[in-house]
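User: Could you take me through one part of this model in detail? I'd like to know what surrounds the helix near the end of the numbering you find most enclosed, and how the charged groups around it are arranged.

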Amino acid sequence: MLSRTRSSRRTPASPLQLWHLLSFDAPTAAATWTWFLATANHIHLPWTSPLAMAAAVWCLYAGDRLLDTEDLEPRHRFHHQHRDAFLIGIVFASLTLAVLLPRIPSESIHLYLILGGLVFGYFVLIHATRNAHRLPKELAVGICFAAATFIPTVSRRPELRLPLLAPAILFAALCSLNCLFIYAWEHESAHSSHPPHATTRFALRHLTLFTAVVAVLSALLALFDHRCPRPIPAATVLSTALLLLLHHRHQRYSTVTLRAAADLALLTPLLLIPLL
């Protein structure tokens, strides 16, 4: 009876787990990379831009987890348990975003409207149809996340679009790998009611190889492409290395801790601040 009582008690979430459960992980990574990309290219980015990025990404991720009703993971259940609080938070974050938008350059707004239209269409396909599992979610998330973080930089300096194309593609691949590793860890022993997309299944079979390729290409870019600031691909190399390390030791940790740690691995730009 005593052992049953102990097992029924919930272990308090660690700060790392709570950072993830509150949907603060993705906004932190987005704001960090937004600031990092601009600073690495010697662009003074006002504080409103990373803050607006964080607010928009938080609304997107919190809303997505509230709308999910199938194959619920701990993050989804946490959002549903505190639904009213998250809805209030989304309202306040949306108001904050509305106040900050006039401070963002019109060039960035134009690009964000295009990206926002694509994201909205994807949301409709995901949540309003029964064919969500047929869409390559990990690939879409990687591309949209990377595009959002690069927009403030390339909108201010259009001449950087070509030099930053390769690091943007590699960062998008890193973001997709982040999602793929999380999917692999969460579905290692569980069975989803829907099979993943064909591209997801293919990537999962060669996950370590793809991660190594992204790391090697990023390292080569940092060493030989002088048009691109070296800290950008260097941060990608560090993040891929951390993801591989987590994957090697993933059986030691809970899925919630792993997911939070996978997003923490995207904060490698903070380690490279002295190089900026």
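Analyst: Happy to. Let's begin with helix H13 (residues 255–264): eight of its 10 residues are buried, so the helix is largely enclosed by the rest of the structure. Buried here means under 20% relative accessible area, exposed means over 50%, and partly exposed is in between (1.4 Å probe, protein chains only). Helices (H or I, at least four residues) are DSSP runs, numbered from the N terminus.

A word on the source: this is a predicted model, in which local features need pLDDT of at least 70 and side-chain atom pairs count only at pLDDT 80 or more, while totals for chains, interfaces and linings use all residues. Residues are numbered from 1 along each chain as its sequence is written, and side-chain values use heavy atoms, with hydrogens and water left out.

The buried residues of H13 are Val 256, Thr 257, Leu 258, Arg 259, Ala 260, Ala 261, Ala 262 and Asp 263. Their cover includes helices H2 (15–21), H3 (25–40), H4 (48–67), H5 (74–81), H9 (165–186) and H12 (231–248).

Arg 259 is a good place to pick up the charges. Glu 186 forms a salt bridge with Arg 259, with the closest N and O atoms 3.6 Å apart; a salt bridge is a side-chain nitrogen of Lys or Arg within 4 Å of a carboxyl oxygen of Asp or Glu. This pair links distant parts of the chain, as Glu 186 is in helix H9 and Arg 259 in helix H13, 73 residues apart. Both residues are buried, and salt bridges that share partners join Arg 75, Glu 186 and Arg 259 into one network.

The other link in that network is the salt bridge between Arg 75 and Glu 186, whose closest N and O atoms are 2.7 Å apart. Arg 75 lies in helix H5 and Glu 186 in helix H9, so this pair ties together parts that are 111 residues apart in sequence. Arg 75 has a relative accessible area of 10% and is therefore buried; Glu 186, at 10% relative accessibility, counts as buried too. By the rule above, the count comes to four salt bridges.

Next comes Arg 65, in helix H4. Arg 65 is buried yet has no salt bridge, and the nearest side chain of opposite charge, Asp 25, is 4.4 Å away. For that statement, Lys and Arg count as positive and Asp and Glu as negative, while His and the chain ends are not counted. The backbone oxygen of His 20 lies 3.5 Å from a polar atom of the Arg 65 side chain; a polar contact is a pair of N or O atoms within 3.5 Å, where within protein one must be able to donate a hydrogen and the other to accept it, and residues adjacent in sequence count only if both atoms are side-chain atoms. Leaving aside residues up to four places away in sequence, Arg 65 touches His 20, Ser 23, Asp 25, Arg 75, His 76, His 79, His 80 and Arg 259. Contact means heavy atoms within 4.5 Å.

One of those neighbours has a backbone worth a look. Ser 23 lies in the loop between H2 and H3, and its phi is near 65°, a positive value in a residue other than glycine. Ser 23 has 0% relative accessibility, so this residue counts as buried.

How values were computed:
Helix = DSSP H or I, 4+ residues; strand = E, 2+ residues; numbered from the N terminus.
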